[in-house]
Amino acid sequence: AALAINPLNPDAWFALGYACLKTGQSQRALRALTRVTQQAPDHGEAWNNAAALWLELGRPDRAFSALAECVKHKRDSWQVWENYAQAALRAREFVHAARGLKQVLTLTSGGRLPIDTARGLVQELERLAGVTPAPDASADAPAAASGADVATSKDQGELQQEEEEDVDGGLGALILDLPGLSVSDGEQEEEAGTSKYAADLAAAEERSREGLRASVRALLKDGVNSPACVPELWGLLGRVYALDGQAEAAKEALLKQVRALAGISYKSDEAK
């Protein structure tokens, strides 16, 4: 009734969205929260709750976008940064996931570092490096194409091939009729350009991987030197060192994981 009288009321829309969220009406809640963010772009709670709904609906990319807006207005909330890191991981925005975890560690004075998200980042580093694949449950698998889609793609491919053959034949004949020009010369230039583009792309991807690895390494080093340290953090750091080719550092980190686990076991026995 209040919204019928005054639809430009973000607080009323938020109350409606929250009620729908609690009663399992996801789509209606999302519509209401979207109205809030349109009318009050600085409403952090609305962005955060909308992100939770997008994750529930299997759209981590939209969830990450919503949380990117949320952290602009709730920069001091470690809970929001933790949500941001989790959504970034699922949306495959790995640098942002590392940034979110770093903020959580900072805002909690080293008291918290979500191990699941950190583990997901290390698994992604290993996947990029071609190390033994480890399934990443947090990443969404792409949907399989239907039979109709495959058939359509095949038809389009055949049509494109026929068009290319017609074009190649016509242009080839024209070029050969012109003195001083060679089809092979043009092909060589095109291949050289393609090779350079591929090399530049590979170099850019390698720099991106190195940057991500550096971010995750720095995060884990801070983590193992904080109150949030658990044995698995040492193991994750050891795995990153191994990717760096630092065998001795990797060995030392893994030994510290074993010692930490032994210490936990000793404390458990002592309590008994």
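**Arg92 and the loop between H6 and H7**

I began with Arg92, which I found in the loop between H6 and H7, and I note at once that I am reading a predicted model. The phi of Arg92 is near 65 degrees, a positive value in a residue other than glycine. I wrote this down because most residues other than glycine have a negative phi. I then asked myself whether Arg92 is buried or exposed. With a relative accessible area of 38%, Arg92 lies between the cut-offs of 20% and 50% and is therefore partly exposed.

**Helix H6, which Arg92 follows**

Going back along the chain, I looked up the helix that Arg92 follows, namely H6. Helix H6 covers residues 78-90, and its 13 residues reach 19 Å from the first C-alpha to the last, close to the 18 Å expected at 1.5 Å a residue. I listed the buried residues of H6 as Val80, Trp81, Glu82, Tyr84, Ala85, Ala87, Ala88 and Leu89. Which helices do the buried residues of H6 pack against? I found helix H4 (44-56), helix H5 (60-73), H7 and H8 as their partners.

**H7 against H8**

Next I turned to the pair formed by helix H7 (residues 94-107) and helix H8 (residues 115-129), whose axes are 10 Å apart and pack at an angle of about 145 degrees. I recorded the crossing of H7 and H8 as left-handed. On the H7 side the contact is made by Phe94, Ala97, Ala98 and Leu101, and on the H8 side by Thr117, Ala118, Leu121 and Glu124. Sorted by class, this contact of H7 with H8 has six nonpolar residues, one polar and one charged. As a reminder to myself on spacing, an α-helix has 3.6 residues a turn, so residues three or four places apart point the same way.

**The loop between H7 and H8**

In the loop between H7 and H8 I looked up Ser109, whose phi is near 55 degrees, again a positive value in a residue other than glycine. Ser109 has a relative accessible area of 64%, which is over 50%, so I entered Ser109 as exposed.

**Helix H8 and Glu126**

I checked the length of H8 next: its 15 residues should span 21 Å at 1.5 Å a residue, and because the end C-alpha atoms are 21 Å apart, the two values agree. The buried residues of H8 are Thr117, Ala118, Gly120, Leu121, Val122, Gln123, Glu124, Leu125 and Glu126. Just after H8, I noted that Gly130 takes a positive phi of about 80 degrees.

I stayed with Glu126, which is found in helix H8, and asked why Glu126 counts as buried. The relative accessible area of Glu126 is 9%, and since this is under 20%, the residue is classed as buried. Leaving out residues up to four places away in sequence, I found that Glu126 touches Val131, Arg239 and Leu243.

**H3 against H4**

I then moved to helix H3 (residues 26-39) and H4, whose axes come within 9 Å and cross at roughly 145 degrees. The crossing of H3 and H4 is left-handed. From H3 the contact takes in Ser26, Ala29, Leu30, Leu33, Val36 and Thr37, while from H4 it takes in Ala46, Trp47, Asn49, Ala50, Leu53, Trp54 and Glu56. I divided the residues of this contact of H3 with H4 into nine nonpolar, three polar and one charged.

**Lys256 in helix H12**

Towards the end of the chain I looked up Lys256, which is found in helix H12 (residues 247-271). A relative accessible area of 32% falls between the cut-offs of 20% and 50%, so Lys256 is partly exposed. I also noted that the C-alpha atoms of Lys256 and Trp234 are separated by 6.5 Å, although the two residues are 22 residues apart along the chain.

**The chain as a whole**

I closed with the totals. How many helices and strands does the chain have? I counted 12 helices and zero strands. Of the 272 residues in the chain, buried residues make up 31%. Among the contacts with a separation of 6 or more, 53% are accounted for by residues 24 or more positions apart. I entered the accessible surface of the chain as about 16500 Å², with 54% of it belonging to carbon and sulfur atoms.

Note on methods
Residues numbered from 1 in each chain as written. Predicted model: local features only at pLDDT ≥ 70, side-chain atom pairs only at ≥ 80, totals over all residues. Heavy atoms only, no water. Helix = DSSP H or I, 4+ residues; strand = E, 2+ residues; numbered from the N terminus. Buried < 20%, exposed > 50% of the residue type's maximum accessible area, 1.4 Å probe, protein only. Contact = heavy atoms within 4.5 Å. Areas by Shrake-Rupley, 256 points an atom, 1.4 Å probe, with all protein chains shown as cover. Axes fitted to C-alpha atoms, helices over the stretch in contact; angles between N-to-C directions. Left-handed = near helix turned anticlockwise from the far one by under 90°. Nonpolar A, V, L, I, M, F, W, Y, C, P; charged D, E, K, R; others polar. Expected span 1.5 Å × (residues − 1).
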